[in-house]
Amino acid sequence: MYKYLALFIFIFPFTAHASAIEKLKTFIASTHSAQAEFTQEVQDKKGKRIQSASGSMQFVRPGKFRWEYRKPYEQVIVGDGVKFWLHDVELNQVTVKKIDAALGSSPAALLSGSNEIERGFVLKDTGARDDLDWLQALPRTQDTSFEKILMAFNAQSELVAMELHDAFGHKTVLRFSKLKRNPRLSPKLFKFVPPKGADVLGDE
């Protein structure tokens, strides 16, 4: 399941003394679109790396996003506001679901959904670590693969990292770079048509 992780992280110039929770709320309320490069690493219970990936992403709120994994495999993940599309390039296989069913109370829902963050998550500031200010988000429902989500802001109030903890003790670490807030993004990025000959699984 770690191959199919879609998240959205970006930058906003928050006030100097805002808490991590205040920064997150301001970010969601003030960021209409964003794009970034990302790296993703999955660690086991002992902190050993068991998977890594990298790529780029864009989103337009609410609910439209595009993630492109380039290494070590090619995948395209698109949310068009109604449906969630996942294209495994190597297999030429497409999975499609209703976007609400695919995301639920996931990190993607937290960052790209409505402004009512605390309807789906319990938020708590957890202090400083590695020169970053962290907060914790606990899902209020069980329709998510993650038990808790941590988000980190640097001294410039940039949201630069996330940690996702699952019930098996695995941790997925995402870090973001080349962040751009509210860029103009083509609507074509958020439309997906299955390639010719692709196997399509799910409700198209």
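Two strands pair if DSSP finds at least two bridges between them. Strands (E, at least two residues) and helices (H or I, at least four) are DSSP runs, numbered from the N terminus. The model is predicted: local features need pLDDT of at least 70, side-chain atom pairs count only at pLDDT 80 or more, and totals for chains, interfaces and linings use all residues. Residues are numbered from 1 along each chain as its sequence is written, and side-chain values use heavy atoms, with hydrogens and water left out.

**Exercise 1. Hairpins**

Task: Work out how E1, E2 and E3 are joined, and find the residue with a positive phi in each turn.

Solution:
- Step 1. Take strand E1 (residues 33–43) and strand E2 (residues 49–60). They pair in the antiparallel sense, over 11 bridges.
- Step 2. Check the partners. Alanine 34 stands opposite phenylalanine 59 in E2. Glutamine 40 has alanine 53 in E2 as its bridge partner.
- Step 3. Look at the turn. E1 and E2 form a hairpin with 5 residues between them. Glycine 47 in this turn has a positive phi of about 85°.
- Step 4. Move on to strand E3 (residues 64–71). E2 and E3 run antiparallel, joined by 7 bridges. Glutamine 58 stands opposite arginine 66 in E3.
- Step 5. Look at the next turn. E2 and E3 form a hairpin with 3 residues between them. Here glycine 63 has a positive phi of about 85°.

**Exercise 2. The whole sheet**

Task: Give the strand order of the open sheet and name its edge strands.

Solution:
- Step 1. Count the elements. The protein has 4 helices and 12 strands.
- Step 2. Recall a general rule. Strands of a sheet pair through backbone hydrogen bonds, either parallel or antiparallel.
- Step 3. Read the order. The open sheet of 12 strands runs E7-E8-E9-E10-E11-E1-E2-E3-E4-E5-E6-E12, and its pairing is mixed.
- Step 4. Find the edges. They are strand E7 (121–129) and strand E12 (199–202), because each pairs on one side only.
- Step 5. Add the twist. From one strand to the next, it averages 20°. Axes are lines fitted to C-alpha atoms, for helices over the stretch in contact, and angles run from 0 to 180 degrees between N-to-C directions.

**Exercise 3. Strand E9 and leucine 150**

Task: Decide whether leucine 150 is buried or exposed, and list what it touches.

Solution:
- Step 1. Fix the cut-offs. Buried means under 20% relative accessible area, exposed over 50%, and partly exposed in between (1.4 Å probe, protein chains only).
- Step 2. Place the residue. Leucine 150 is in strand E9. In strand E9 (residues 146–153), 6 of the 8 residues are buried, so the strand is largely enclosed by the rest of the structure.
- Step 3. Find the neighbouring strands. Strand E8 (residues 132–139) pairs with E9 in the antiparallel sense over 5 bridges. E9 and E10 also pair in the antiparallel sense, over 7 bridges.
- Step 4. Match residues. Glutamine 136 has leucine 150 in E9 as its bridge partner. Phenylalanine 146 stands opposite aspartate 166 in E10.
- Step 5. Apply the cut-off. Leucine 150 has a relative accessible area of 10%, so it is buried.
- Step 6. List contacts (heavy atoms within 4.5 Å). Not counting residues up to four places away in sequence, leucine 150 touches Arg129, Trp134, Leu135, Gln136, Ala161, Met162, Glu163 and His165.

**Exercise 4. Glutamate 163**

Task: Find which side chains make polar contacts with the side chain of glutamate 163.

Solution:
- Step 1. Place the residue. Glutamate 163 is found in strand E10 (residues 159–166).
- Step 2. Check its burial. Its relative accessible area is 6%, so glutamate 163 is buried.
- Step 3. Know the term. A polar contact is a pair of N or O atoms within 3.5 Å; within protein, one must be able to donate a hydrogen and the other to accept it, and residues adjacent in sequence count only if both atoms are side-chain atoms.
- Step 4. Name the partners. One is the side chain of arginine 129, at 3.3 Å. The side chain of histidine 165 is another, at 3.4 Å.
- Step 5. Add other contacts. Beyond four places in sequence, the residues that glutamate 163 touches include Trp134, Lys148, Leu150 and Val173.
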